[in-house]
Amino acid sequence: MERIVIIGSGQGGQQAASSLRQEGYQGQILLLGEEPGLPYQRPPLSKAYMANGDAGALTLKPASFYDRAAISLQDRTRVSRIERVTREVVTEAGARHAYDHLILATGARNFRPPIAGLDAPGVVELRTLSDAAHIRDSLAATGHAVVIGGGFIGLEFAAMARAAGVAVTVIEASPRLMARAVSPGMSARFLELHREMGCTIIFDALADAILHDPHGAAAGVALRDGRQIAGDLVLVATGVRPNVELAADAGLVCDNGIRVDGQLLTSDPAISALGDVASFPDPDGVHIRLESVQAAVDHARHIARRLVHGSAADYAALPWFWSDQGKFKLQIAGLSTGADRVMSLPQPQAELLVLAFRAGRLIAVETLSAPALHMAGRRLIGASFEMLEAHGFDLRAAVKAMAEPV
Ligand SMILES: Cc1cc2nc3c(=O)[nH]c(=O)nc-3n(C[C@H](O)[C@H](O)[C@H](O)COP(=O)(O)OP(=O)(O)OC[C@H]3O[C@@H](n4cnc5c(N)ncnc54)[C@H](O)[C@@H]3O)c2cc1C
């Protein structure tokens, strides 16, 4: 295989290029990304970067890495078409690049909900470094920020804005925080924490329209029930949509993402997909899409191993995730979908442990500010309820017992 082209130079695209070289791939690697500059990590955009503004700390690898590893990186390069018959990609500027294998790592973009007035100055979103720099510049002059969406990114931003002395109101459509991703017990704990940080949170509230000041700039949010929340910065953080258009236009099967098989191959065996944009089968064969650094990185490593060594194993990495909200760290190991038993186990120093089981097996572990429990939880996914019960649900003791010879 002489040339591998990767579209999208974010977390997963960059990892795919690095992993191909680590696995010993000798051919050409072309990494095409539409954003300016070196590939960078997004998680700090809503965390440390909001406080320190250090863009250099986000860079995944220095420029010298790409030279040394002979990875041809082209930034500010948007791919507009894939021509599968001739195996070429075509950039917006009209350049054509042939590939023997193509990796789609186009990620996701923020969802724009049907709210009137979203184009007003003062309405912001957070996905890219450029978005984060704009928000950071605006924060200094912000008195009251309104966050539409009580998910990870909205809440991480809320905590950072509170720490910067800005008043914050979060508007959430569902009855609890992070409802798509965490247990009710963990949602309730984070609600307490955000209230202690001084954040106002409104549930079951649908944003209907942006309010304007006399100059047309955002002045708050009108809710569907008639309430009005005043604010001079409005962050829209209502989830993302996968960037499937390139793949769909090229005739690849897409369904909530680019559909891939257990080896992360699309419906065209010359094209793989990874990360936020990939809809891949979980161990039960159900297609899922994960928006996490872990998925992007582990997908990339799996694809590199397959391309270099021809390994035919199915992708089976354990999902894990984290979110830092102020000084509190939420960590999740496994996936709680289909849980039939959920246990909230308060820990010393206000830490929290939540165990989710399905059919008597541990499927997910959520922790609040308890990294050692999270690491133990990762090792215990799949363990039986009885085994954990025998250890009084002390995860560290259970891991120790597993490691001891019988
Ligand atoms: C503010 C924020 C905080 C986050 N925090 C966490 C966290 O705490 N923990 C966690 O696990 N995850 C977090 N995430 C999610 C994580 O960053 C993503 O899951 C990860 O970046 C996905 O990697 P990816 O390679 O699939 O997509 P991305 O990293 O998004 O990269 C996709 C790239 O493809 C480019 N692209 C798209 N279409 C084209 C095209 N046609 N031509 C050329 N280039 C194209 C895009 O511009 C983008 O640069 C966070 C995300 C954000 C935005």
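Me: How many residues surround the ligand, and which are the closest?

Reply: In this predicted model, 33 residues surround the ligand, and the closest are Gly12, Glu35, Lys47, Val79 and Asp276. A residue is counted here if one of its heavy atoms lies within 4 Å of the molecule.

Me: What makes the approach of Gln11 to the ligand a polar contact?

Reply: A polar contact is a pair of N or O atoms within 3.5 Å, and a backbone N or O atom of Gln11 lies 3.1 Å from an oxygen atom of the ligand, so the pair falls inside that limit. Two other residues can be set against the cut-off in this way: a polar backbone atom of Ser292 is 3.0 Å from an oxygen atom of the ligand, and a backbone N or O atom of Trp322 lies 3.0 Å from an oxygen atom of the ligand. As for cover, the ligand taken alone exposes 1,000 Å², of which the protein buries 96%.

Me: Which elements give two or more residues to the shell around the ligand, and which class of residue is found there how many times?

Reply: The elements that give two or more residues are α1 (11–22), α5 (152–163), α8 (293–309) and β22 (320–325), and the largest share, three residues, comes from α1. By class, the shell is made up of 12 nonpolar, 12 polar and nine charged residues.

Me: Why is the ligand said to lie between domain 1 and domain 2?

Reply: The chain is divided into domain 1 (3–109 + 241–309), domain 2 (123–236) and domain 3 (327–403). Both domain 1 and domain 2 give residues to the shell around the ligand, and therefore the ligand is placed between them. As for domain 3, its centre and that of domain 1, taken over C-alpha atoms, are separated by 32 Å.

Me: Why is the pair Arg84 and Asp268 called a salt bridge?

Reply: The term asks for a side-chain nitrogen of Lys or Arg within 4 Å of a carboxyl oxygen of Asp or Glu, and the closest N and O atoms of Arg84 and Asp268 are 2.9 Å apart, so the pair meets the criterion. This pair links distant parts of the chain, 184 residues apart, with Arg84 in the loop between β4 (79–83) and β5 (88–91) and Asp268 in the loop between β18 (258–259) and β19 (271–273). The structure holds 18 salt bridges.

Me: How do you know that Asp268 is buried, and what is Arg84 called?

Reply: Buried means under 20% relative accessible area; Asp268 has 9%, and is therefore buried. Arg84 has a relative accessible area of 29%, which lies between the 20% and 50% bounds, so Arg84 is partly exposed.

Me: What makes Glu245 and Arg109 a pair that links distant parts of the chain?

Reply: Glu245 forms a salt bridge with Arg109, the closest N and O atoms being 2.5 Å apart. Glu245 sits in helix α7 (residues 245–249) and Arg109 in strand β8 (residues 108–110), 136 residues apart. Glu245 has a relative accessibility of 37% and counts as partly exposed, and Arg109, with a relative accessible area of 37%, is partly exposed as well. Elsewhere, salt bridges that share partners join Arg81, Glu83, Glu88 and Arg96 into one network; within it, Arg81 forms a salt bridge with Glu83, whose closest N and O atoms are 2.8 Å apart.

Me: Why does His101 count as buried?

Reply: His101 is found in strand β7 (residues 101–104), and its relative accessibility is 3%, under the 20% limit, so His101 counts as buried. A polar atom of the His101 side chain lies 3.3 Å from the backbone oxygen of Ala270.

Me: Why is Arg379 called exposed?

Reply: Exposed means over 50% relative accessible area, and Arg379, which has its place in helix α9 (residues 371–380), has 53%, so the term applies.

Me: What makes Asp213 partly exposed, and which residue does the side chain of Asp213 reach?

Reply: Asp213 is found in the loop between β13 (207–212) and β14 (218–223), and its relative accessibility is 27%, which lies between the 20% and 50% bounds, so Asp213 counts as partly exposed. The side chain of Asp213 reaches the backbone nitrogen of His215 at 2.8 Å.

Technical notes:
Residues are numbered from 1 along each chain as its sequence is written. This is a predicted model: local features need pLDDT of at least 70, side-chain atom pairs count only at pLDDT 80 or more; totals for chains, interfaces and linings use all residues. Side-chain values use heavy atoms; hydrogens and water are left out. A polar contact is a pair of N or O atoms within 3.5 Å; within protein, one must be able to donate a hydrogen and the other to accept it, and residues adjacent in sequence count only if both atoms are side-chain atoms. Accessible areas come from the Shrake-Rupley method with a 1.4 Å probe; for residues, only the protein chains shown count as cover. Helices (H or I, at least four residues) and strands (E, at least two) are DSSP runs, numbered from the N terminus. Ala, Val, Leu, Ile, Met, Phe, Trp, Tyr, Cys and Pro count as nonpolar, Asp, Glu, Lys and Arg as charged, and the others, Gly among them, as polar. Domain bounds come from an automatic or database domain assignment. Buried means under 20% relative accessible area, exposed over 50%, partly exposed in between (1.4 Å probe, protein chains only).
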